[in-house]
Amino acid sequence: MLSLRQIEMLRAVMLTGSITRAATMLNVSPPSVSRMLKHTESAAGVRFFERGPSGFVPTPEARALLDHVQRTEATDERLAIGTSPGLGLSVAPEALRRLHQAAPNLRLFVDTLHLDEIVPGLLLGRVDLALTIFDMQDPRVTVSRLGQGRMMALVPEGHPLADRAVVAFADLAAYPFIGFEERAFQQQLIERLATETGVRLSIDVRVRLVVTACFLVRQGFGVTLMDSFTITGDVVPGVVAIPLVEDIPISLNVVHAPEAPVSFNAERFLNIVSDLAASKS
């Protein structure tokens, strides 16, 4: 019987037709994929791919094996959800709690995925769908919008801005600002705002995760900006979220592989997420 890792490797080679591209998808080296493929074929006693000038072409045995695995997974009472880090703090846990109440026997798997992990996770079948606020334009997946939120300013309780009903981007320039790593989606939005308004921020620290930014705000290290889907409610006590005057719409998206049917339980989950998104808009 093949291991999950071997099945993922076979899927990756089948999807890409290349050892090198499969290795990139799996985040391993090409020699390790080549060795695993040879070992898997030897152990199974069958040839899974024909090697030719156009790449690795799956044999009927390979297609039959993966079709069987997909049918087994489809009938299993299991739902695997991927979520971007911020949504993993708020929308996803609440939606999963409601789904669990409605379907207590459903086995759930949740994985936090960064932008470059979403497509491989879906194509390899590690997750059935993914929730994200990232802008995604990848022809290999289908992206649908479930709701729209806005940008929020985060300040600690007792801060001079904490009692404001709304805050302008320029108001934040007077205080130390907590930024994100330069390639992060949140940082790109912040830099877009800075360019459009001509405001210069004093970024004393950059973080990778939104949860880190939240706790730094609570400690009085500075202020920051975050989407309303992540920061609504009592995600981090001691932090005040204030709507930003500037209109920066943030989409809550669901991403899935186009050839993979959306299961009944996935539909129930997405309906719950849509209801939550409407309440947080």
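Two strands count as a pair here if DSSP finds at least two bridges between them. Keep that in mind for the sheets below, and remember that this is a predicted model.

1. Let's start with the five-stranded sheet. It is open, its strands come in the order β4-β3-β5-β12-β6, and the pairing is mixed. The edges belong to β4 (107-112) and β6 (142-149), each of which pairs on one side only. From one strand to the next, the twist averages 20°.

2. Now look at β5, residues 129-132. Which way do its partners run? Strand β3 (residues 78-83) runs parallel to β5, and three bridges join the two. One contact to look up is I81, whose bridge partner in β5 is L129. Strand β12 (residues 250-256) is also joined to β5 by three bridges, but this pair is antiparallel. There, T132 of β5 has N253 of β12 opposite it.

3. Are the residues of β5 buried or exposed? L129 and L131 on one side are buried, and so are A130 and T132 on the other, which leaves both faces of the strand covered. As a reminder, side chains in a regular strand alternate between the two faces of the sheet. L129 and T132 are worth clicking on, since they turn up twice in this note: L129 is the bridge partner of I81, T132 stands opposite N253, and both are buried.

4. At the β6 end of the sheet, seven bridges join β6 to β12, and these two strands run antiparallel. R145 has N253 in β12 as its bridge partner. N253 also stands opposite T132, so if you want to follow the sheet across β12 by eye, that residue is a handy place to look.

5. There is a second open sheet, with three strands in the order β10-β7-β11 and antiparallel pairing. Why do β10 and β11 each have a free side? Both β10 (224-227) and β11 (239-243) stand at the edges with a single partner strand, so one side of each has no neighbour in the sheet. The twist here averages 40° from one strand to the next. Strand β7 (residues 151-156) is joined to β11 by five bridges, and the two run antiparallel. One position to check is M152, which stands opposite P243 in β11.

6. On to charges. The structure holds seven salt bridges. One of them joins the side chains of R51 and E41, at 3.1 Å from N to O. R51 sits in strand β1 (residues 49-52) and E41 in helix α3 (residues 30-44), so this pair ties together parts that are ten residues apart in sequence. The two ends differ in burial: R51 is partly exposed at 35% relative accessible area, while E41 is buried at 10%.

7. Another salt bridge joins the side chains of E94 and R97, at 2.8 Å from N to O. What separates these two along the chain? They are three residues apart in helix α5 (residues 91-102), which means about one helical turn lies between them. E94 is partly exposed, with 23% relative accessibility, and R97 is partly exposed too, with a relative accessible area of 40%. The contact does not stand alone: E94, R97 and R98 are linked in a network of salt bridges.

8. D171 and R164 form a salt bridge as well, with their closest N and O atoms 3.1 Å apart. D171 is partly exposed at 24% relative accessible area, and R164 is partly exposed at 40%.

9. Last, the empty space. How many cavities of 30 Å³ or more does a search of the whole structure find? The answer is one, and about 30 Å³ of space lies in the largest cavity. Its lining is made up of S84, G86, L87, I133, F134, Q186, D227 and T230. By type, the lining residues divide into three nonpolar, four polar and one charged. Glycine counts as polar in that tally, in case you were wondering where G86 of the lining went.

Notes: Residues are numbered from 1 along each chain as its sequence is written. This is a predicted model: local features need pLDDT of at least 70, side-chain atom pairs count only at pLDDT 80 or more; totals for chains, interfaces and linings use all residues. Side-chain values use heavy atoms; hydrogens and water are left out. Helices (H or I, at least four residues) and strands (E, at least two) are DSSP runs, numbered from the N terminus. Axes are lines fitted to C-alpha atoms, for helices over the stretch in contact, and angles run from 0 to 180 degrees between N-to-C directions. Buried means under 20% relative accessible area, exposed over 50%, partly exposed in between (1.4 Å probe, protein chains only). On a 1 Å grid over the protein atoms alone, a cavity is a set of points where a 1.4 Å probe fits but cannot get out, and a pocket is an open set with protein on both sides within 12 Å along at least five of seven lines; lining residues have an atom within 4 Å of a point. Grid points are joined across faces, edges and corners, and a volume is the space filled by probe spheres set on the points. A salt bridge is a side-chain nitrogen of Lys or Arg within 4 Å of a carboxyl oxygen of Asp or Glu.
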